[in-house]
Amino acid sequence: LWGRFRKRMGGMDFDAVILAGGEGRRLGGMDKAAIVVGGRTLLERALKAVQAAQNTVVVGPRRRASREVTWAREDPPGGGPVAALAAGLEQISGDVAVVLAVDHPFVDAATVALLLHSLDDHDGAVIVDTEGRPALVGAYRVGAVRRKLVALGDASGASIKEQYSGMSLVRVMDRRAAIDVDTTQDLEGLAN
């Protein structure tokens, strides 16, 4: 059974890093991980999407989780997605990591499988929307990401665009998986 599931997941083992430390400023300080969509919190939706991971790290404040995860915090807390990515990668030892911002409610196991399958010889495979804008959802070769983090120096305040600049990335268009919840309008749009 595991062999069939593993084949469906792109045929490779992977770790997962869920970025869940954002302050939700444009949502009035709402905890994005606690937002309920389709009867489950965004954190639980993300955990389900990466359920096949060997290890799962959630970067952000500790919350209730339905399964065992490793908790980490970016330094400093609120240091942004690159600092959170660096903190998450410190907790894993695998060669491939699926990185997922908690505010992408429609990423599921099929999205993860597509990313892993698309990785090939690239440094990463990233979800993009119909206009080609990258989402904070991807599968990456951990060594390549760590090398880029070293080259960046201070990860606090760095942008994801800076992090992935110069890396060999394949773009995977998935309009639904690219949807994120950043504003109250985004949240209202999920109900429609």
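Student: Which exposed residues does the face of α5 turned away from its buried side carry?

Tutor: In this predicted model, that face carries Arg 147, Val 150 and Ala 151. Here's the general idea: an α-helix has 3.6 residues a turn, so residues three or four places apart point the same way.

Student: OK, and which residues of α5 are buried?

Tutor: Helix α5 covers residues 142-152, and its buried residues are Val 142, Ala 144, Val 145 and Leu 149. Looking down the axis of α5, you'd find these buried residues within an arc of 165°, so they line one face of the helix.

Student: What do the buried residues of α5 pack against?

Tutor: Two helices and two strands, by their labels: α3 (81-89) and α6 (160-164), plus β6 (96-101) and β8 (134-141). Just after α5 comes Gly 153, with a positive phi near 85°.

Student: Let's try a strand. Are the faces of β7 covered or open?

Tutor: For a strand, check each side in turn. Both faces of β7 are covered: Gly 124, Val 126 and Val 128 are buried on one side, Ala 125 and Ile 127 on the other. That fits the tally for β7 (residues 124-128), where 5 of 5 residues are buried.

Student: In which sense does β7 pair with β8, and in which with β9?

Tutor: With β8 it's antiparallel, over 4 bridges; with β9 (residues 169-173) it's parallel, over 5 bridges. Follow Gly 124 to see both: Gly 124 stands opposite Tyr 140 in β8, and its bridge partner in β9 is Leu 169.

Student: How many residues lie between β7 and β8 in their hairpin?

Tutor: There are 5, and Gly 132 in the turn has a positive phi of about 85°.

Note on methods
Residues numbered from 1 in each chain as written. Predicted model: local features only at pLDDT ≥ 70, side-chain atom pairs only at ≥ 80, totals over all residues. Heavy atoms only, no water. Buried < 20%, exposed > 50% of the residue type's maximum accessible area, 1.4 Å probe, protein only. Arc of directions from axis to C-beta. Contact = heavy atoms within 4.5 Å. Pairing = 2+ DSSP bridges.
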